[in-house]
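Hello,

Here is the structure I promised to hand over. Please open it first, then read my notes below.

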Amino acid sequence: MAEGLDFKNPVGTTLDRFIMENQSDFPFATGELSQLLRDIAFAAKIVNKEINRAGLSDIVGAMGNKNVQGEDQQRLDVIADFRFTQALTQGGEVCALVSEEVDDIIYTGQNEAKYVVAMDPLDGSSNIDVNVAIGTIFSIYRRKSALGEKPTMEDVLQKGTEQIAAGYILYGSSTMLVYTTGFGVNGFTYEPSLGEFFLSHPNMKTPETGRLYSINEGNYDDFEDQLKAYIQLCRDRKYSGRYIGSLVADFHRNMMKGGMYVYPATKGSPKGKLRLIYECNALGFIIEQAGGLATDGKSRILEIQPTELHQRVPYYVGSKKMVEESMGL
Ligand code: P6P
């Protein structure tokens, strides 16, 4: 064999192969969830391509209108929403969708499908035009209504504990897809030249504590005394403040290195800014599978019973000891 070349290591496990090899985690698995995960990965590849060339085509900037959150809708927000909605509708495995970009439930017409997906197609909009990492967040539930019927609000307003899968795509210095089906967290890195996601971060775990905290301290005066005290503790311990303004990017770095992200109630966002169904629950499932914790500052985020599609909650997520300490435990 040529000196120094190591052909022993295969190119790597593709996402497709990994999904197939782990399908047996699901008793009675008949392949629909595997296909659904593939459909998400397919849309992610398309969105990744469009993000990577956004500055070269007329798809940056704002649409000039506001989304259901009252936020300026960016062109790439709308494109990402279209791509994921199209892929999941045509994939045939999803009967209903909830998207940050759409006021009401999206009925795919696939009433025989057994899954429901809640998603933030592109989070971190304010960073799109300045070339900072952004992300997609998704959460997958099994429908409660009978197959063949039109999906109901009960199908989409499920507790985070009911999720059967959740994940995110991080369009950063490299593009990664990270997901869990309740059997640990695995990360895949995209190789554009091959058009494949390869297993690069098997069985991800987050350190029990860390020295990074992510919060918009511009809102400091609005914070509850308990949170102010915790921030002072971080300063006294010379922790590092790291706040990208893209939840997925902050979450991913904190999960890997140990750290905590907080978006508490503020005067501008009295119930917090982040959305329970398609941001907090998805990342909450992932962080718990990685050994961390996610709360609303008082209780476990996955136990909250949603009452509205775009419901906001205060959000504390990351290394278990940091989240507990920030809550005064
Ligand atoms: P602020 C992006 O719009 C987002 O939802 C998160 O990705 C990010 O962490 C947060 O809002 C930034 O909000 O109010 O600090 O600019």
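Two strands count as paired if DSSP finds at least two bridges between them. Strands β7 and β8 pass that test with 6 bridges. β7 covers residues 165-171, β8 covers residues 175-180, and the two run antiparallel. One bridge partner to look up is Met 176 in β8, which is matched with Leu 170. Please keep in mind that this is a predicted model.

**The sheet**

β7 and β8 belong to an open sheet of 8 strands. The order is β4-β3-β5-β6-β7-β8-β9-β10, with mixed pairing. β4 (106-107) and β10 (196-201) are the edge strands, and each pairs on one side only.

Two helices pack on this sheet. One is α2, residues 32-52. Helix α2 touches β3 (94-99), β5 (115-123), β6 (134-142), β7, β8, β9 (185-191) and β10. Its direction makes about 165 degrees with that of β6. The other is α7, residues 276-289. Helix α7 touches β3, β5, β6, β7, β8 and β9. The direction of α7 makes about 85 degrees with that of β6.

**From β8 to β10**

Follow the chain on from β8. β8 and β9 pair through 5 bridges in the antiparallel sense. Met 176 turns up again here, standing opposite Thr 189 in β9. The hairpin of β8 and β9 has 4 residues between the strands. In that hairpin, Gly 182 has a positive phi near 95 degrees.

β9 then pairs with β10. They are joined by 5 bridges and run antiparallel. Gly 187 faces His 201 of β10 across this pairing. These two strands also form a hairpin, with 4 residues between them. Gly 195 sits in the turn, with a positive phi of about 65 degrees.

Is β9 enclosed or open? 5 of its 7 residues are buried, so β9 is largely enclosed by the rest of the structure.

**One residue in β5**

Take a look at Tyr 115, which lies in strand β5. Tyr 115 has a relative accessible area of 5%. The cut-off for buried is under 20%, so Tyr 115 counts as buried.

Which residues does Tyr 115 touch, beyond its neighbours within four places in sequence? Among them are Glu 32, Leu 33 and Leu 36. The contacts also include Val 94, Cys 95 and Ala 96, as well as Ile 140, Tyr 141 and Arg 142. Ile 164 is in contact too. Gly 92 is 23 residues away from Tyr 115 along the chain, and their C-alpha atoms are 9.6 Å apart.

**Rings and charges**

The whole structure holds 7 aromatic pairs. In one of them, the ring centres of Tyr 179 and Phe 188 are 6.0 Å apart. Their planes meet at 20 degrees, so this pair is stacked. Tyr 179 and Phe 188 are both buried. Ring pairs link these two with Phe 18 into a cluster.

Tyr 220 and Phe 223 make another pair, with centres 6.0 Å apart. Here the planes stand at 65 degrees, so the pair is edge-to-face. How accessible is each partner? Phe 223 is buried, at 4% relative accessible area. Tyr 220 is at 22% relative accessibility, so Tyr 220 counts as partly exposed.

Tyr 220 has a charged partner as well. Arg 235 lies over the face of its ring, 5.2 Å from the ring centre. Elsewhere, the charged end of Lys 150 sits over the ring of Tyr 107, 4.3 Å from its centre.

**Helix α6**

Helix α6 spans residues 247-257. 9 of its 11 residues are buried, so α6 is largely enclosed by the rest of the structure. The buried ones include Asp 250, His 252 and Arg 253, along with Leu 247, Val 248 and Phe 251. Gly 258 comes just after α6 and takes a positive phi of about 95 degrees.

**Domains**

How is the protein divided? Domain 1 covers 15-201, and domain 2 covers 212-326. Their C-alpha centres lie 22 Å apart. Domain 1 gives 50 residues to the contact, and domain 2 gives 33 residues.

Best wishes

Conventions: Residues are numbered from 1 along each chain as its sequence is written. This is a predicted model: local features need pLDDT of at least 70, side-chain atom pairs count only at pLDDT 80 or more; totals for chains, interfaces and linings use all residues. Side-chain values use heavy atoms; hydrogens and water are left out. Contact means heavy atoms within 4.5 Å. Axes are lines fitted to C-alpha atoms, for helices over the stretch in contact, and angles run from 0 to 180 degrees between N-to-C directions. Buried means under 20% relative accessible area, exposed over 50%, partly exposed in between (1.4 Å probe, protein chains only). Rings of Phe, Tyr and Trp (its six-membered ring) pair if their centres lie within 6.5 Å; planes under 30 degrees apart count as stacked, over 60 as edge-to-face and the rest as tilted. A charge sits over a ring if NZ of Lys or CZ of Arg is within 6 Å of the ring centre and within 35 degrees of the ring normal. Domain bounds come from an automatic or database domain assignment.
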